[in-house]
Amino acid sequence: PFYEGSRSAIHEDSKDVHFPTALQCQTYILTSQLTVLFFLFLQGGNITFIAKVEAKDLLRKPNVKWFKGKWMDLASKAGKHLQLKESFERHTKIHTFEMHIIQAKENYAGNYRCEVSYKDKFDSCSFDLEVTGKIPIVFVNGDGQDDAGELDFSGLLKRREVKQQEEEPEVDVWELLKNANPSEYEKIAFQYGITDLRGMLKRLKRMKREVKKSAAFSKGLDPAYQVDKGGKVRFMVELADPTVELKWYKNGQEIRPSAKYIFEHKGNQRILFINNCTMTDDARYYVTAGDEKCSTELFVRDPPILVTKGLEDTSTYVGERVELSCEVSEDDANVKWFKNGVELTNEPKSRYRIKVEGKKHTLIIEEAAKNDNATYSVMTTGGQSEAKLSVDLRPLKISLALEDQTVRLGQEIHLKCEISENVEGKWYKNGQLIEASDRVKLYHKGRIHRFIIASAAVDDEGEYMFVPDAYNINIPCKVHVVDPPKLHLDGLGENNTVTVVAGTKLRLEIPITGEPTPKVMWSRGDKWITDSGRIRAETYSDSSCLVIDTAEREDSGPFRITLKNEAGEDSALINIKVVDVPDPPQAPNVTEVGEDWCIMTWEPPANDGGSPILGYFIERKKKQSSRWMRLNFELCKETTFEPKKMIEGVAYEVRVFAVNAIGTSKPSMPSKSFVPLAVTSPPTLLAVDSVTDTTVTMKWRPPDHIGAAGLDGYVVEYCFEGTDEWIVANPELTDKTKFTITGLPTGSKILVRVKAVNAAGESEPRYHPQPILVKEVIEPPKIRLPRHLKQTYTRRVGETVNLVIPFQGRPRAKVSWQKNGSPIDKNQINIRNTENDTIIFIRKAERSHSGEYDMKVEVENLVDKATIDIQIVDRPGPPEIVTIEDVWGENVNLSWKPPKDDGNAAITGYTIQKADKKSMEWFTVIEHYHRTSATINELVIGNEYYFRVFAENMCGLSEDATMTKESALIAKDGKVYKYPVYDDFDFTERPLFTQPLINTFAVAGYNATLNCSVRGNPKPKITWLKNKVAILNDPRYRMFGNQGVCTLEIRKPSPYDGGTYTCRAVNELGEAEVDCKLEVKGKGFNSLQMYCSSEHHLHRRQKHARQKQKEIKQVFSFP
């Protein structure tokens, strides 16, 4: 915030002074050049301060507070002399906050501050206000310019009153606060006129801090100064260097010379005089010399408030208004009231109200009570006064006494009395105290007391009395409660009707009430009913009974009961109704028959037996049977019923029973016999098969349910869209599920439905869901090649080839075939085409039929193509030449060439046979052999052998075999085998871990093992490390290896043994490392599972090592 303003001249006779000031805020950027304002204006005048906040970038209204001094929030002081207002301009988006001071008084002078905050941003602007009887000048400390605020010192010197010596206060409040207990701070503040106690204590705490020694000041300011309001204070510092520039500050604002502030220089001493001290001068002051600063606190104390007119003793009566008044020396002074030494507060809920009118202070008690008898005192900072208040009772008079009452039961009892005094009292009934409750209401308003019971009961009868508190007097009355007789007929039916079954006994009990007990009389017509006979009356204290032994139909009719007592009379008519079972209904009629159901109706019985018909029971039976079966176990409320689950084609009869509250009637006569027979269900899956320019072909599926009547055929009907006239397309029934409607106009739309017909009639029609356009539609061709034909289709010679390839396309799709780009010879391959598919058929396949077959479907200018690869295979021919390459020992090495004819399929292997030259019996030596050379072993020495070879493909072995032209003789001796020479194999290899270590969890106290496998030649040296430190000669570790599997066993590990373990393998060709982490847990871990896992890995690695050794032996094995 920053201040925009100018100097304003104020006339002496002005009563309304307005300073055109403005406080503006934009994005709350704190500026260091805050402006302090000094206002001097005429006592009794008005002043307005305006703060404007620009809110273009603000999401909500900023928070603005006005303060006087440091902590007094002026929002709590708003009233007659202080008003706070705020407004908002939507066009300019500026918030305006105003503070109006009306009819200012001298004590309004002081330091004021406006604070504005928004979220975590804060800034403030302060100004001083001085109120005098005459305004010689308005001083505004502007924006820090050198010529701002200059004064005429000659005028000031004429007005200044110079005092030769400073008057020290008799009591140093600061010394009292320093030495006092914190609980006594508030009492000291009131006694010595301290208004800002919180700020005072804060400054006191700052004064207690240790003051550092200063090089610029040889003598600094005292920690604090105290002066009475209107007095003069002197600040003095002594400089070490008198040439240093000195500046004085008040609350951070530089002090300029004026009539109020006088500067003096005496050698090294620098003195500041503050004249006519007011509450605005209560602040923190400091003086700067170069870069050093010396500070102090100035406290301005209000002069003591004196009681100029004391309290006076007062006597009054209970309920009267009491005012205790005193006058003090200052307006709106801080005054405290006490009752018997206890402070009274001016809270809203308090009985005591404190009124302040200038110097007059009044304690008001609106309605005095006995407990207000006390000594009341008033205390100020400079004196106190006390007085006694005496409250007595007035003589009591009964203005309105209680009256005896007679009330009816359930009515209100209202007792009311009025006495001359407004005092509390108590109510009594038959000498017992009555307390207020939900039922009993006690009211007291002024001098009137009321007792109310909303609903009187019999127990409320008695003697009542009201006794006022503190008075020896009572006001009595009597209450008599009466109850007119009443019949309680809630249990009877409508129109007080009582129903009784003929032949049973009726005992009708009617509850009665009344106080006193009423007299009961029963009558029927003109005859009174006595207490004897078949129909008699019995009377008791709370009820009366009408008794009828063996009820008859003639007993039906009204009976009157009459009650009488001194409070009134009551009577009622009770209708007695004697009822019986109803008559049977007439024979039912069967109106409609279905497949396994029918619909039957009947008329209600002529006589319902005196009780309404509740429903009916229905039974049925086969015509040839005598056994009736109940069809409903819950009453049928209607006179229509639908029996179900009957056998189609069987004759049935039905009958009905009527039921009322008394019982069930006799059965009705049976109906005429009927036979269930039903039409079929509608046809299913009605769809369009094809459409031309004049015809529509429909197809459908038979009905889901046909029934015993069978199915005679179908009726196809159609109508043109927009009309309701259905035309039969087939005058005679058709037994097929496909029909073509002919003679239709091109371009029209028709609706189609189909009905199934049998002996029971036509079924419900099945409609086609959409209108059908009579116009042939072009459907693009699409070949739907089966999945197995998307790959090469293979068949053997002589097998049948029958391929069906569906396609779509309308109208009149044209299908053509080619083989390897040439037309197909129809004499060898048969092609048959339909509207929806094409079939290629070969009765006996030959190898010449193999090739790529191209299929093409054309619809007008649209074409779709597909290719089928057909492969016809046969057994291969024999190998070309079989030769004996070498004979040694018991072995013969053979070689041959693949056959020229592979049978149109890949050669899958060869079969080799041998035959002794003597017997020429062939024995198979090797089957499914893939190479074209082989070594025959374990031949008999001394024999001579021939060999032959068969070729094999997916069809089997070749028909013929190729035999060696020469024989192979296995010599007995004399022939030395010459071993071939092989180069030495280099088995050397650097270390390589084939199975690494794995992270392991161990259980404390149980052995743990770490396993890995390594290979290398020469055999590598194994070293184990823990956390990169070699494990040597440690009895807790055991290391061993077997066939390349390295194991480290840790005996009974502890949590200390956890860490990173490394296995290092080294030979002359290099080295390799592998590591893992071991974590040792408590004994709750499943150690058996860990052990089994380690053993499993060990066995697997050993097996892997044995397999590698076996493979090496096989590679380097000799014949």
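Here is a short walk through this structure, from the whole chain down to two of its residues. Keep in mind along the way that the model is predicted.

Let's begin with the overall picture. The protein chain contains 87 strands and 5 helices. It has 1119 residues, and 39% of them count as buried. On the outside, the protein chain exposes about 65400 Å², with 48% of that supplied by carbon and sulfur atoms. How do parts of the sequence meet in the fold? Among contacts in the protein chain with a separation of 6 or more, 65% are between residues 24 or more positions apart.

Now let's zoom in on Glu-619. You will find Glu-619 in strand E48, which covers residues 613-622. Is Glu-619 buried or exposed? Its relative accessible area is 9%, and because buried means under 20%, Glu-619 counts as buried. Its side chain has a partner there: a polar contact of 2.8 Å links Glu-619 to the side chain of Arg-655. Arg-655 also appears among the residues that Glu-619 touches, leaving aside those up to four places away in sequence. The others in that list are Trp-628, Met-629, Arg-630, Leu-631, Glu-653, Val-654 and Phe-657.

Our second stop is Val-887, which sits in strand E70, spanning residues 882-888. With 17% relative accessibility, Val-887 falls under the 20% cut-off and is therefore buried. Where does Ala-971 lie relative to Val-887? The two are 84 residues apart in sequence, while their C-alpha atoms are 9.2 Å apart in space.

Definitions and conventions:
Residues are numbered from 1 along each chain as its sequence is written. This is a predicted model: local features need pLDDT of at least 70, side-chain atom pairs count only at pLDDT 80 or more; totals for chains, interfaces and linings use all residues. Side-chain values use heavy atoms; hydrogens and water are left out. Helices (H or I, at least four residues) and strands (E, at least two) are DSSP runs, numbered from the N terminus. Buried means under 20% relative accessible area, exposed over 50%, partly exposed in between (1.4 Å probe, protein chains only). A polar contact is a pair of N or O atoms within 3.5 Å; within protein, one must be able to donate a hydrogen and the other to accept it, and residues adjacent in sequence count only if both atoms are side-chain atoms. Contact means heavy atoms within 4.5 Å. Accessible areas come from the Shrake-Rupley method with a 1.4 Å probe; for residues, only the protein chains shown count as cover.
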